[in-house]
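Subject: Handing over the structure

Dear colleague,

I am passing this structure on to you, and you will find the sequence and the model just below. After that I set out what was found in it, part by part.

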Amino acid sequence: MGKSMELRLSGTGGQGLILAGIIIADAAIRDGKNSVQSQSYGPEARGGASRAEVIISDEEIDYPRVAHPNVLLVMSQEAYDKFAADLDRGGVMIIDSTYVQERPGIDGAVYTLPISSTAREQVGREMVANVVALGAMVRITGVVSRRALADALLARIPRGTEELNLKALETGWQLAEKVLH
Amino acid sequence: MMQELQGYLRLDRFPHMWCPGCGNGIVLGCLLRAIKKLELDQDRTVIVGGIGCSSRAVGYLDFNTLHTTHGRALAFATGIKLARPELHVIVITGDGDATAIGGNHFIHAARRNIDLTVVLFNNNIYGMTGGQYSPLTPGGKKATTAPYGTIEHNFDVAELARSAGATYVGRSTTYHSNLLANLIAAGIENKGFSLVEAITACPTAYGRRNKMRSGAEMLLWQKENAVHVKKTERMAPAELAGKIVIGELHKREAPEYTAMYEQLIAEAGRETGGGSVTPLKGR
Amino acid sequence: MSQVIEMARLMQGNEAVAEGALAAGVRFFAGYPITPSTEIAEIMADRLPRLGGKFIQMEDEIAGLAAVIGASLAGLKALTATSGPGFSLMQENLGFAAMAEVPCVIVNVQRSGPSTGMPTSPAQGDVMQARWGTHGDHPVIVLSPSSVREAYDLTVRAVNLAEKYRVPVILLMDEVVGHLREKVVLPARGEVETVDRPSPKVPPGEYVPFRPEDNLVPPMANFGEGYRYHVTGLAHDEKGTPTNNPALAEQLLLRLHDKINMHLDDILLDDAKFLEDAEIVVLAYGSTARPARRAVKEARGRGIKAGLYRPLTLWPFPAKKVRELAEQAHSIIVPEMNLGQYRLEVERVVRDRARVSGVNRVHGELIEPEEITAAILEVV
């Protein structure tokens with residue numbers, strides 16, 4: 001991993017992507033790095049699209065926006081159509097196959113995982129698809145440590161949902177494990 | 001002004017700016033008699049005014065006094081009362097100040113039932129700017145901006161306050177000054193939002209355009225047209241047309257805003273072991 | 001003795017404002033919800049009662065600032081937060097606070113305008129409104145943070161300056177900084193310097209409420225503490241008595257200006273990077289300073305002598321410093337998310353000592369570093 005990683009988490013409002021971005025940024029700080037998290041509400045918010053951006057760096061972070069993400073999470077068709085082309089050359093794209101069916105060719109490493117359906121079927125709640133995605137994304141990219149990710153997760157979820165969320169994280173981790181091996 | 005009330009005045013600010021025949025001095029006298037009756041501590045009493053002839057009264061009074069922006073007296077007063085609930089906060093306002101530009105603040109202060117006492121000097125006109133019609137100018141009456149008589153409907157401000165949530169509402173006139181002083185005292189005693197509407201004369205900007213040339217004539221008009229609320233029960237609506245209903249119009253019990261906030265602080269503090277706040281004491 | 005633990009946290013700009021306000025001793029908030037500042041109100045509503053402080057949601061922004069001024073007169077450090085449309089409504093009572101010398105802080109998290117504009121998109125279009133939005137002449141202090149930590153620090157500073165000089169102070173943020181989350185390490189409670197308003201040193205009978213001390217600031221008595229006096233937005237004499245006397249009115253307005261102008265050393269705050277030998281200066285504030293810093297680093301990488309000057313105090317304008325920069329550099333570039341509001345002031349001060357240009361966008365997005373780099377390359 002280079003000195004700076006730029007992530008974009010995109011999908012539909014209500015999928016919890018902003019919270020997922022906050023958790024990643026928080027985890028990076030726990031790893032002793034700098035991070036910034038921003039959400040752009042631009043005009044795309046109207047179509048129900050949502051995106052969170054995170055920059056993780058060992059150095060001071062000047063510009064807080066992400067133009068060409070090294071890591072791109074895509075959890076809706078609309079987000080795919082809008083953002084897939086922004087992926088940095090050599091970047092990693094993680095696609096939720098539950099909601100993204102049409103995928104015109106893109107350069108880079110593309111991981112297609114049934115994130116939302118796995119959340120629904122294996123964890124029991126589609127609501128935690130964002131955490132399943134986090135588990136998979138961190139397993140694939142290593143942007144933050146697993147320990148920091150779990151700590152940040154536990155710090156930012158409602159009390160009483162710890163077990164559910166840790167299960168979601170582990171499920172996502174295993175989902176990625178399967179495609180990596 | 002009676003000798004016993006002089007201690008409440010900043011005598012160095014006199015002569016006052018009000019016109020001959022103006023009723024504002026009578027309303028002010030009633031307010032001071034109410035304060036005297038209740039023996040309010042001048043140091044612990046804040047009097048807030050808006051903009052207009054009546055609001056200028058605050059400058060003449062030896063209390064903590066605040067002369068604010070037009071219509072906003074109640075919003076400033078809300079900040080003072082919430083910051084220091086132990087203070088008595090009295091608001092002097094006029095019909096234009098309270099019900100036109102300040103109408104929104106008026107209904108919301110009443111809705112919160114925050115412990116403020118509003119003495120609304122109703123002279124039915126914008127006096128300071130020379131006689132424009134206000135939301136309390138009765139239909140058909142003339143003003144510089146209603147040279148043919150106003151075609152607007154006027155508020156019944158007492159009814160407005162009651163329906164917005166005030167817990168004490170009274171009305172009197174400068175002719176019925178003992179009643180007015182008593183209503184103001186009762187309003188101050190009420191722990192909650194109180195409105196006392198004082199019908200007062202503006203011969204200069206209102207009376208002379210509406211066939212009442214002198215202050216004395218306007219006082220007579222008040223005398224002849226006021227009906228005590230107790231008498232109205234036996235009167236038909238037609239008989240009440242054009243009359244001023246005076247007396248204690250509305251009173252009810254309801255939780256007061258700053259008291260509820262103190263309770264909220266106690267509960268929030270219990271949750272977190274929080275503390276109390278002491279106002280600044282300087283460096 | 002409590003142990004000081006420095007802990008890095010991920011914090012949002014608006015959250016940092018609330019934390020800074022509480023650390024500075026703010027115990028009163030009145031406001032009206034408006035995007036993108038609402039988080040500040042939400043946090044204050046939660047935190048203030050736990051500290052014995054007071055929060056109230058008023059019926060509009062006019063009332064919000066009015067209640068803040070009332071609470072300040074009653075002795076509490078008070079703050080409100082809003083965005084463009086609400087800031088417009090606050091102008092009336094902002095002028096009152098300036099005239100009556102009531103300490104208070106107004107946070108404006110700027111969004112795209114005019115009118116309702118794009119409520120969730122950033123802009124810097126209120127720079128001139130912050131300076132000149134009210135009627136009449138009065139000085140203001142306006143601070144503008146570029147990061148979450150700076151949002152905290154400048155909120156503390158805003159409260160302190162308001163109390164020290166008895167003026168309304170505006171914290172002029174923008175949506176980017178307001179909603180950005182980043183790593184911060186906040187100072188421990190005891191390490192935050194707080195300033196309280198100057199209180200009267202004489203008994204009530206001798207108190208002249210608007211008679212200034214040598215620093216031109218009159219000591220301030222709080223309502224309810226035995227000093228009975230009159231506060232008005234009318235022109236007034238030292239006793240607070242309204243006056244139409246031309247000499248007294250002018251004396252008051254000049255003092256209001258002088259009490260700020262004589263303390264510029266204390267009030268002006270700035271930051272610089274690569275400025276020592278800079279021939280091209282990028283002058284940027286708020287979130288725009290972030291792409292500006294990257295562009296300057298990029299230019300240095302190419303061997304261009306570019307530097308960044310960042311006023312944290314926007315108003316009063318740092319005229320002396322900008323004049324010095326104009327003597328040193330051949331070009332000054334002012335990137336702003338408006339059509340050149342601050343650049344006007346830079347041009348006024350620089351005159352023809354250096355070339356002044358702008359990078360101006362009003363599309364509701366943060367300016368990109370490449371846009372500023374292009375402007376630098378244009379003047380090399």
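Two chains are said to be in contact when heavy atoms of one lie within 4.5 Å of heavy atoms of the other. By that measure chain A and chain B do not touch, their nearest C-alpha atoms being 16 Å apart. Please keep in mind throughout that this is a predicted model.

How the chains meet

Of the two pairs of chains that do touch, chains B and C share the most contacts. In that pair, 52 residues of chain C are in contact with 50 residues of chain B, and the two chains bury about 4200 Å² between them, with 56% of this area on carbon and sulfur atoms. C:Lys54, C:Glu59 and C:Arg228 supply 17% of the area that chain C buries against chain B, which is more than any other three residues. Seven salt bridges are found across this interface of chain C and chain B.

One of the salt bridges between chains joins the side chains of B:Arg72 and C:Glu92, at 2.7 Å from N to O. This pair runs from the loop between strand S2 (64–67) and helix H2 (73–83) of chain B, where B:Arg72 sits, to helix H4 (residues 84–100) of chain C, which holds C:Glu92. Are the two partners buried or exposed? Because buried means under 20% relative accessible area, B:Arg72 counts as buried at 7%, whereas C:Glu92, at 27%, counts as partly exposed.

Chain A and chain C form the other interface, in which 21 residues of chain A are in contact with 21 residues of chain C. About 1900 Å² is buried between chain A and chain C, 49% of it on carbon and sulfur atoms. Three salt bridges are found across this interface, and A:Glu60 forms a salt bridge with C:Arg293, with the closest N and O atoms 3.6 Å apart.

A sheet with strands from chains A and C

An open sheet of eight strands has the order S6(A)-S5(A)-S4(A)-S1(A)-S3(A)-S2(A)-S9(C)-S1(C), and its pairing is mixed. Strand S6 (109–113) of chain A and strand S1 (8–12) of chain C stand at the edges with a single partner strand each, so one side of each has no neighbour in the sheet. From one strand to the next the twist averages 20 degrees. Within chain A, strand S2 (residues 34–39) and strand S3 (residues 49–57) pair in the antiparallel sense over six bridges, and A:Val36 stands opposite A:Ile55 in S3(A).

Salt bridges within chains

Side chains of opposite charge can pair when their charged atoms come close. Over all chains the count comes to 46 salt bridges. In chain C, the side chains of C:Glu101 and C:Lys259 meet in a salt bridge at 2.8 Å, N to O. C:Glu101 lies in the loop between H4 and strand S5 (104–112) of chain C, while C:Lys259 lies in helix H8 (residues 246–261) of chain C, so this pair ties together parts that are 158 residues apart in sequence. Both C:Glu101 and C:Lys259 are buried.

A further salt bridge is made by the side chains of C:Arg302 and C:Glu298, at 3.1 Å from N to O. Here C:Arg302 is partly exposed, with a relative accessible area of 48%, and C:Glu298 counts as partly exposed at 38%. In chain A, a network of salt bridges links A:Arg8, A:Arg51, A:Glu53 and A:Asp86.

Helices H11 and H12 of chain C

Which residues of helix H11 (residues 319–328) of chain C are buried? They are C:Ala319, C:Val322, C:Leu325 and C:Ala326, and because these residues cover an arc of only 120 degrees around the axis, they lie on the same side of H11(C). An α-helix has 3.6 residues a turn, so residues three or four places apart point the same way. The face of H11(C) turned away from the buried side carries the exposed residues C:Lys320 and C:Glu327.

What covers the buried residues of H11(C) includes strand S12 (280–283), strand S13 (306–311), strand S15 (331–336) and helix H12 (341–350) of chain C. In H12(C), the residues C:Gln341, C:Tyr342, C:Glu345, C:Val346, C:Val349 and C:Val350 are themselves buried. Just after H12(C), C:Arg351 takes a positive phi of about 50 degrees.

With best wishes

Terms used. Residues are numbered from 1 along each chain as its sequence is written. Chains are lettered from A and ligands numbered from 1 in the order in which they are written. This is a predicted model: local features need pLDDT of at least 70, side-chain atom pairs count only at pLDDT 80 or more; totals for chains, interfaces and linings use all residues. Side-chain values use heavy atoms; hydrogens and water are left out. A salt bridge is a side-chain nitrogen of Lys or Arg within 4 Å of a carboxyl oxygen of Asp or Glu. Helices (H or I, at least four residues) and strands (E, at least two) are DSSP runs, numbered from the N terminus. Buried means under 20% relative accessible area, exposed over 50%, partly exposed in between (1.4 Å probe, protein chains only). The arc is that of the directions from the helix axis to the C-beta atoms. Two strands pair if DSSP finds at least two bridges between them. Axes are lines fitted to C-alpha atoms, for helices over the stretch in contact, and angles run from 0 to 180 degrees between N-to-C directions. Buried area is the accessible area (1.4 Å probe) that two parts lose on being put together, summed over both.
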